[in-house]
Amino acid sequence: MTENPTMKRALVTGAAGGLGREIATQLAARGCAIGLADIDQKGSAETARLCHELGAMTEMFVGDFTTEGAPESAIDRLKTVWGGLDILVNNAGYGVIEPFLDMTYKSWHRTLSLNTMTLALACSAAGRVMKEQRSGRIVNITSPASRMALPDYAAYAASKAGVDSITRAAAAALAPYGVLVNSLAPGMMDTDMQRSTEIDLARVNGRSDIQAFLDERTRRVPLGRRAEISEVAGAVVWLCLDAPIYMTAERLNMSGGMDKD
Ligand SMILES: NC(=O)c1ccc[n+]([C@@H]2O[C@H](COP(=O)([O-])OP(=O)(O)OC[C@H]3O[C@@H](n4cnc5c(N)ncnc54)[C@H](O)[C@@H]3O)[C@@H](O)[C@H]2O)c1
């Protein structure tokens, strides 16, 4: 059971690095207990260590979160050890550059399994716990890509359009129980995933001048720079802990003006 009745109990997926690690540590700094789910054992252990340094209790779920039953069993385990779940952040994500005319079953399957299907199943499993509690907040990480025509990144864009749809469905399903479901669309952040995606994008566009290619993309952001991981995580934490309780089914854009509606 929870040691401190005011402590929020959170599960952050994809917490081994990038945005997920920053969300986990910022939630830990705000006094939350942190469940970490990621396929990367070493990165997860490092995030857990950082959370412990901030005084947080942690539970780690290392493995492929798309495996049948994985989201449900992680959430059941947190309910058993901490007595419930107050926050779910569906942050784990995968994407691969693949020209539209060369698309493969493998990349569509991997992308939609994680970004869309597993996210939906996690919302449902967390929703069951939060319904009983009559409280809880879910934040899904979407992307500006969900509303763009991206012929070399179609599976990813479609998977994030699915996230937007699931966010609205989950918000409607859980609103009667006081459970809030929102999403956040980050702009370009220099994480491992983003860097390797953009290098691949340069390659399929026949570009070898990687830095010039990256600079051109940065200049397309109306605010003229890429997002800091910490500022995006700060907005996720705001949705998890501080946003008004009348706010649900909302999409918060943190994209420096790339996403304008
Ligand atoms: N970086 C950006 O510019 C950007 C922009 C918009 C949206 N996003 C979204 O932000 C989220 C975080 O992305 P990031 O940039 O920090 O990427 P990242 O690659 O650093 O983090 C993704 C995490 O998900 C984990 N993961 C991947 N497959 C998994 C699986 N099958 N099971 C469990 N864990 C798995 C990875 O190990 C990794 O720790 C993603 O949903 C991504 O789509 C990122």
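1. A quick word on terms before the ligand site: Ala, Val, Leu, Ile, Met, Phe, Trp, Tyr, Cys and Pro count as nonpolar here, Asp, Glu, Lys and Arg as charged, and the others, Gly among them, as polar. With that in hand, the shell around the ligand splits into 12 nonpolar, 11 polar and 4 charged residues. Keep in mind that this is a predicted model.

2. Which residues come nearest to the ligand? Out of the 27 around it, they are D38, N91, Y156, M189 and T191. As for secondary structure, helices α1 (18–29), α5 (154–174) and α6 (192–204) each give the shell at least two residues.

3. Now the polar contacts. Y156 puts a polar side-chain atom 2.5 Å from a ligand oxygen, and D38 has a polar side-chain atom 2.6 Å from an oxygen atom of the ligand. The backbone joins in at G187, where a polar atom sits 3.5 Å from a ligand oxygen. On its own the ligand would expose 830 Å², and the protein buries 90% of that.

4. On to the sheet. It is open and built from 7 strands, in the order β3-β2-β1-β4-β5-β6-β7, with parallel pairing. At the edges you'll find β3 (58–62) and β7 (251–254), each paired on one side only. From one strand to the next, the twist averages 15°.

5. For a closer look at one pair, take β1 (residues 9–13) and β2 (residues 33–38): they run parallel and are joined by 5 bridges. Within this pair, A10 stands opposite I34 of β2.

6. Last, the helices on the sheet. Helix α1 lies across β1, β2, β4 (87–90), β5 (136–141) and β6 (179–186), and runs at about 170° to β1. Helix α2 (residues 41–53) also packs on the sheet, where it touches β2 and β3, and its direction makes about 175° with that of β3. So α1 is worth a second look, because it lies across strands of the sheet and also supplies at least two residues of the ligand shell, with a residue being near the ligand if one of its heavy atoms lies within 4 Å.

Methods
Residues numbered from 1 in each chain as written. Predicted model: local features only at pLDDT ≥ 70, side-chain atom pairs only at ≥ 80, totals over all residues. Heavy atoms only, no water. Polar contact = N/O pair within 3.5 Å; in protein donor to acceptor, adjacent residues only side chain to side chain. Areas by Shrake-Rupley, 256 points an atom, 1.4 Å probe, with all protein chains shown as cover. Pairing = 2+ DSSP bridges. Axes fitted to C-alpha atoms, helices over the stretch in contact; angles between N-to-C directions. Contact = heavy atoms within 4.5 Å.
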